[in-house]
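I opened this model to look up a few contacts, a core and some strand pairings. My entries follow.

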Amino acid sequence: MYKVALNFEDGVTRFISTLPMESVADAAYRSGLNIPLDCRDGACGTCKCHCESGQYEMDGYIDDALSDQEAEQQFVLTCCMVPESDCVVTVPASSEVCVRSQQADVHAQLTRIDRLSESTLSFTVASDQVRAMHFLPGQYVNVQVPGTDQSRAYSFSSMVNEADESVSFLIRVVPDGLMSTYMVDQAQVGDQLVLRGPFGSFYLRDVKRPVLMLAGGTGLAPFMAMLEKIQREGSDYPVHLIYGVTHDVDLVELGKLEAFASAIDNFTFSACVASEESSWPQKGYVTHHIEPAHLNDGDVDIYLCGPPPMVEAVNGYMQDKNIQPASFHYEKFAASK
């Protein structure tokens, strides 16, 4: 057995002990700590942490989850990390988020479905149980597809509306997708949905310096919730969002972004479309529209949410430009069938 010190970003340290051949993630869960975790098999990168000291073995992960360069710098995937000595691991989340509570199914009623474009829709659910979820803006839940035993993960695209105890989600319409087919062809207002969560270490931290948000496609969803929180609490620092999509039809919620820009003194945004056939004035990828002022000489918190190719492109851009932000939080997602 080895001891592992888990240092959380709020300064709290928790100690766990690992059994022989037990991963850090499994040992943490057994000890009552929900450190960031999703796939459990080294494929998604959600559980990426940094090992400050100690020896360990780590096999069975893919390059998309942890690059060779990151591994050399002793970044680890806790779902694959098996200690071979006592270790110290830095966890990019607060201790409060990682304390395990009893996960219970939240039953909610579908109250609204909006087809925003051919490729995107939003839906809203409400119930008195929604308020009790206590999620942070940027986190996600698993939503069970009605009539099946399968679920799909969706980020909250709003905070809880206190008036009707509702919350919204933004999803990509995937051809023949299980949830997409339900939402497009079968769903009716009044249907019952089952949610479980919240999950994820991608959430808005206290705004203590300029913020740069980079959204790809329906990766816009968590930023909508973050901006709603910023609108409620205000910000003394500039917040800029760059929203990138593939085709014109994928551009959605621009009206809401304009409303945020009007309501939040320090918030600005731009949108770009990658397709060369686009009629949108700003073309290219999000990295084409990052300006030096957005980076504030590195004194900036960067939040990134989008599909894996976009996340890798931004990571490559930051390495090529030698950009070292004060903090960098990201979440990859892939549309599920």
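**Met-81 and the core**

I started at Met-81 and listed its contacts (heavy atoms within 4.5 Å), leaving aside neighbours within four places in sequence: Glu-22, Ser-23, Val-24, Cys-51, Tyr-56, Glu-57, Met-58, Val-76, Cys-87 and Val-89. The model is predicted, so local features need pLDDT of at least 70 and side-chain atom pairs pLDDT 80 or more, while totals for chains, interfaces and linings use all residues. Numbering runs from 1 along each chain as its sequence is written, and side-chain values use heavy atoms, without hydrogens and water.

I then looked up the largest nonpolar core (buried Ala, Val, Leu, Ile, Met, Phe, Trp, Tyr and Cys residues joined through side-chain atoms within 4.5 Å). This core has 29 residues, and Leu-6, Ile-16, Met-58 and Met-81 have the most contacts inside it. Elements (DSSP runs: helices H or I, at least four residues; strands E, at least two) giving two or more residues include strand S1 (2-8) and strand S3 (48-53). Helix H1 gives the most, with 4 residues.

**Strand S13**

I noted that S13 (residues 192-199) pairs antiparallel with S8 (residues 106-115) over 4 bridges; pairing requires at least two DSSP bridges. Here Ala-108 stands opposite Leu-193. S10 (residues 140-144) also runs antiparallel to S13, joined by 3 bridges, and Tyr-140 stands opposite Phe-199.

**Tyr-317**

I found Tyr-317 in helix H8 (residues 308-320). Tyr-317 counts as buried because its relative accessibility is 17%, the cut-off being under 20% with a 1.4 Å probe and protein chains only. Beyond four places in sequence, Tyr-317 touches Thr-287, Ile-290 and Ile-323.

Terms used
Buried < 20%, exposed > 50% of the residue type's maximum accessible area, 1.4 Å probe, protein only.
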